[in-house]
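Reader: I'm in my first year and still learning to read protein models. Could you take me slowly through one single part of this one?

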Amino acid sequence: MCFTRSLNQQELSAAMKMLELYMGWRPNNPPEVAQYGGLEGFPFDRTNKSGRSYTEDLNMKLLNHLAFCLARGTPGHVPAVVFTDMDRTHLHIALNSSPDSIDRQFSHELFQTLSTLSPDHNISYQDVLEKLRGHGLQNLKSRMWKVSKSLIDKKDVDKHSRLLQALLKRIQPGNTGSKLYSGRVNNSKIPEWHILKDEDDFKGIDGSSVSEILKHMLITTFNWAKSCTQLSEVQVPEAKELKRTSMIAHVLSGTSLLKEALADSDAWLENARTTFARRLRKMGECWDGIQFVVDWAQGVQAQNRKIEHSWVMDSGLELNADSFSLGPDPKALLKDLLGGKALDEATLDTIFKGWSKRAGAMVAPKVHAEIRLILDLSSKKPDPGLHVIGCSKRSCLACFVWIEVYNEINGTHWMTAGSHSKPYAAWGIPAQSPDVAKEVNHRIVVLLDQFLGIEKIVQVLEPPASDDDNSSPGAAAVQDATGSR
Ligand SMILES: [Zn+2]
């Protein structure tokens with residue numbers, strides 16, 4: 001099918017909102033397997049890993065952790081970071097909006113701290129963690145909350161105990177996997193044990209038994225997760241305790257206990273295990289992420305260099321529209337976008353049920369941070385080796401498509417750590433690079449058309465489970481006005 005008409009921002013936003021509804025209202029098959037199986041190349045690469053060299057991979061990891069350090073965790077506050085020199089000492093940073101005085105002050109203090117670290121790694125880690133706890137408290141809260149939400153489900157009250165029992169069963173000596181969970185403690189079984197063993201609550205544990213240590217870690221984690229009943233009430237522990245909690249999260253998420261499929265378990269349990277492991281890993285970033293950053297900063301210091309940073313200047317950034325509502329008639333717009341194609345009315349009615357409630361909501365488009373970085377650096381001609389962008393979250397659907405098109409047209413190789421494939425109505429397309437914009441519009445409409453081609457929607461179910469519930473397709477309506485993602 002050929003779509004020749006170019007979209008304006010308002011039409012693009014409506015198209016994105018429609019995609020969001022299609023994706024959210026499709027029958028709830030396990031994600032990644034069958035959910036979008038009918039669409040070629042979709043969902044987009046969740047990690048982008050196959051296209052990265054070893055060095056790019058290391059840089060990506062470091063930049064993602066640096067973006068994590070700069071993130072406040074409030075809606076829409078998503079930093080993107082690149083190195084502008086091959087020595088990895090100068091960072092260029094963007095947000096989804098212009099940085100305010102708090103961002104500028106914090107980045108100044110953070111890089112100051114990182115430039116004057118103590119030679120004692122432990123003290124340095126603690127210093128950086130304290131700093132982060134102040135600036136990114138909301139970020140830490142939401143990471144703890146997401147671990148909790150992966151275990152607690154009001155509609156499924158047994159979830160917490162079912163998963164705990166399944167995991168505990170796995171570490172019983174004599175059961176499958178006993179080789180992994182018994183025997184002497186070594187670094188591959190419990191990587192951080194040399195630090196954890198000195199922590200108070202591990203003192204009574206048999207430090208030679210892997211299964212005892214894992215059992216204790218598991219129960220400790222399930223206990224704190226159970227105590228988080230609401231995001232607003234999540235208590236982020238003081239730095240010392242936070243260190244221990246995130247270190248345990250990091251260790252647990254990396255062990256085969258959580259990484260390998262449970263024997264004889266059903267799809268529900270497997271889904272619960274993988275979600276829990278993924279969220280625990282993000283919680284563990286407080287430990288391994290900061291360690292990674294501290295290692296890098298100490299390396300820079302050892303060369304008598306200083307870490308420098310700059311913020312993207314947004315003055316040249318133009319949007320095609322300020323704010324607007326999505327309009328009352330999605331069906332008419334959809335037919336127009338798809339060149340008058342005949343569409344199944346019943347399907348459309350199901351998908352657009354509730355549209356009128358959203359139609360009046362204002363959408364204030366914002367250009368996302370990774371695009372701001374690319375546009376800002378395009379005029380400065382960075383070294384071609386520098387094309388890895390770190391973000392505190394994976395890129396959204398439209399950013400992924402925009403970067404792909406931008407690379408094709410300009411012969412560049414910009415990449416982020418992959419995409420979570422979610423559409424946002426408030427995704428702003430910049431007026432710069434109109435040829436990129438035209439092709440992005442085209443690909444979004446093609447995607448929309450493809451979604452219409454897959455099986456009819458026969459029932460109304462919950463939106464798909466998501467890594468980031470605040471920005472999941474089903475919940476995004478309330479965020480449009482702020483341009484969150
Ligand atoms: Zn984006």
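Author: Happily; here is a close look at one strand and its partners. Residues are numbered from 1 along each chain, as its sequence is written. This is a predicted model, where local features need pLDDT of at least 70, side-chain atom pairs count only at pLDDT 80 or more, and totals for chains, interfaces and linings use all residues.

Our part is strand β1, residues 80-83. Strands (E, at least two residues) are DSSP runs, numbered from the N terminus. A80 and V82 on one side of β1, and V81 and F83 on the other, are all buried, where buried stands for 20 or more other C-beta atoms within 10 Å of a residue's own, with C-beta atoms placed from the backbone.

Now for the partners. Strands count as paired if DSSP finds at least two bridges between them. Strand β2, residues 90-94, runs antiparallel to β1 and is joined to it by four bridges. Six residues lie between β1 and β2 in this hairpin, and R88 in the turn has a positive phi of about 60°. The other partner to look at is strand β6, residues 390-391, which pairs with β1 over two bridges, again in the antiparallel sense. Find V81 in your view: V81 stands opposite I93 in β2 and also opposite G390 in β6.

How confident is the predictor here? Its confidence in each residue is the pLDDT, from 0 to 100. Within the protein, confidence is highest in β1, at 97, while the protein averages 83. By contrast, pLDDT is below 50 over residues 27-37.

Note on methods. Buried ≥ 20, exposed ≤ 12 C-beta atoms within 10 Å, placed from the backbone. pLDDT = per-residue confidence, 0-100. Contact = placed C-beta atoms within 7 Å.
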